[in-house]
Amino acid sequence: MLEERESKERAMNPFQKNESKETLFSPVSTEEVQPRPPSFPKKPSPKICGSNYPLSIAFIVVNEFCERFSYYGMKAVLTLYFLYFLHWSENTSTSVYHAFSSLCYFTPILGAAIADSWLGKFKTIIYLSLVYVLGHVIKSMGALPILGGPVVHTVLSMIGLSLIALGTGGIKPCVAAFGGDQFEEKHAEERTRYFSVFYLSINAGSLISTFVTPMLRGDIQCFGKDCYALAFGVPGLLMVIALVVFAVGSKIYKKPPPEGNIVTQVVKCIWFAISNRFKNRSGDVPKREHWLDWAAEKYPKQLILDVKALTRVLFLYIPLPMFWALLDQQGSRWTLQATRMNGNLGFFVLQPDQMQVLNPFLVLIFIPLFDLVIYRLVSKCGINFTSLRKMAVGMILACLAFAVAAAVEIKINEMAPLQPDSQEMFLQVLNLADDEVKVTVLGDKNNSLSAESIRPFQKMPHYSKLHLKTKSQNFHFQLKYQNLSVYTEHSVEEKKWYSLIIREDGKNISSMMVKDAENQTTSGMTAVRFVNTLHEEVNISLGTDTFLSVDEDYGVSAYRTVRRGEYPAVRCRTKDENFSLNLGLLDFGAAYLFVISNSTSQGPQAWKMEYIPANKMSIAWQLPQYALVTAGEVMFSVTGLEFSYSQAPSSMKSVLQAAWLLTVAVGNIIVLIVAQFSGLVQWAEFILFSCLLLVVCLIFSIMGYYYVPIKPEDIQGSADKQIPHIQGDMINLETKKTKL
């Protein structure tokens, strides 16, 4: 979330302590600039409780809190929505998640252009917030199971996410700056504190939403499943509140008119320099000291000097996207990893997507810790801990975080059940007869599935592996029961799990082959299935919205997923009676088979068998990787923007913000590409990202070693010099300072 801290960094920049936080730049025009009407009303805006703080900033801060709650709350459950509601693969879910994140960091350029060149900040925020709300409504509709099929859900989701990306990205560069516009020049100190409160509202919204929305998803059932519609709808409601709150303050806002986009001017200047150099590539044309000097025929010298300073910083931005590629996987790959872990912490049970709350929580702890303790201790040790060195250390910490994530992934795989390979299947025997049964697989070797006879309702310790000659095959079994030998045949497929259920059939026995669940259950939840040995159909209620029916005489139910927890009295009903079953603890990631029988005088009972073990590794083992990557984020992001602002002229601040957001967008594209085309197992992919960032860190360190920092007075000094008139065919221009 630190990529949003442009406003915070303005307050932190030591080179701007006594300056306005508004950007000053020179518009490029061959015509004389016409005088504009006053930007602000002459009547002073009302203050908060007699202080120097404008009342209008209260509406802006509340708006930002609600908007960030809306964005991060929706994003927290997005990966699991793709995986378990739309039934996409993990790679596709990860790719679309990062494509959406990337789009959210491309659209700020469009929002800034609209605000600066056309509508102004206020109207841009209002109009794009309406688009934002519409996106949430469509996204929530795409999570309603009763509304169409998978194609309809997918189309609605993609439309909704596109509108949300346009809305959140479009208003991102406008809200903080609009709040700064509310202050008078003489209240610069209050404006600095406002940016701190604004930044806290971002993290407060993120912190609360990433904790609450997973609870709405998992703790509330809609249509018998996780309530994704509610988890998306509540953030949408918060965005409506954000829009209403912002609009209520309309009459007391200061609304500066649009004054031109410096980003556009920089792009045009660079393009003209390149094209002009290409046109004059003849050897007869005198060479110029810098390639940007070829823009002198059209653009003022001060703008060219500023762009030169800008390009020096942008050159250092080239390696940065790889860091964001690692950081933004907290909401995708790390969340998927958490689904295979046990969220029971003893005093609290965490949902897999709630682990993301650690990032904003640790950010609020680490920023003062680093600023007030760690950096000061390093300074007292006589170490020159420059900004570039801090950024390099931040990269190394992110590398270590992914190395830890890879180690955790390897340990999870070691604890997980083995998987059947090609031309293999796993089989277990469930004896529901009243006497022992010996099961033998007839074939080349006549393998016995168990050395001993299988007792009634005996829990098998593990699955038996059987080899197939083709992808699907018929197996012949011999069942020895008392003095009988029964031969049966069943068809199976490779890479599947099966249960051979043996049951009484009068004085004889028979068998049926049932395909079991895969080796993992959905989002860390529990999968349950029932076998009904009664002579009546049983209706079972597993929760307020989860019902299933099991046919009589050894009927087998479909799978149902339920939340982890104790189930001491599950209500059941037959045609003649009502009764309850004690299912006990249903743990994270486990799959259970319950056999309903009436073999005792106490009424129907449930015999429980766990055939897929619960997740054994605690979700707390993710804490080290979150701590490392958040520490790296604090050192990298805060320091990076602070360094960038100190090395570029004031007229280029908005361009640097756009470039910084673009590095985040490119980083998400890198994850998208790797997820789709690497083909690696998960732990190997973590190692790949860690190694790639380590190489990038080495390159960045070499670039930083040869970088010569510019002092702030050197940057501003060129603005005080007289700009000479350009002779010949060049255009004589003067720069006029205007407020952005």
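These legends describe close-up views of a predicted model.

**View 1. The two faces of strand 18, residues 570-573.** In a regular strand the side chains alternate between the two faces of the sheet. Strand 18 shows this alternation. Val570 and Cys572 point to one face and are buried. Arg571 and Arg573 point to the other face and are not buried.

**View 2. The partners of strand 18.** Strand 13 (residues 538-541) runs antiparallel to strand 18, and 3 bridges join the two. In this pairing, Ile540 stands opposite Cys572 of strand 18. Strand 19 (residues 578-581) also runs antiparallel to strand 18, and here there are 4 bridges. Val570 stands opposite Leu581 of strand 19. The connection from strand 18 to strand 19 is a hairpin of 4 residues.

**View 3. A negative surface patch.** The patch is formed by Glu537, Asp551, Glu552 and Asp553. Glu552 lies in the loop between strand 14 (547-550) and strand 15 (555-556). Glu552 is partly exposed, with a relative accessible area of 36%.

**View 4. A nonpolar surface patch of about 520 Å².** Leu103, Phe106, Val666, Ile669, Ile673 and Phe677 make up this patch. Helix 4 (90-119) and helix 16 (653-677) each supply at least two of its residues. Helix 16 gives the most, with 4 residues. Leu103 lies in helix 4. The relative accessible area of Leu103 is 34%, so Leu103 counts as partly exposed.

Conventions:
Residues are numbered from 1 along each chain as its sequence is written. This is a predicted model: local features need pLDDT of at least 70, side-chain atom pairs count only at pLDDT 80 or more; totals for chains, interfaces and linings use all residues. Side-chain values use heavy atoms; hydrogens and water are left out. Buried means under 20% relative accessible area, exposed over 50%, partly exposed in between (1.4 Å probe, protein chains only). Two strands pair if DSSP finds at least two bridges between them. Patches are made of residues with over 30% relative accessible area and no salt bridge: like charges are joined within 9 Å, nonpolar side chains (Val, Leu, Ile, Met, Phe, Trp, Tyr) within 5 Å. Accessible areas come from the Shrake-Rupley method with a 1.4 Å probe; for residues, only the protein chains shown count as cover. A salt bridge is a side-chain nitrogen of Lys or Arg within 4 Å of a carboxyl oxygen of Asp or Glu. Lys and Arg count as positive and Asp and Glu as negative; His and the chain ends are not counted. The place of a charge is taken as NZ of Lys, CZ of Arg, CG of Asp or CD of Glu.
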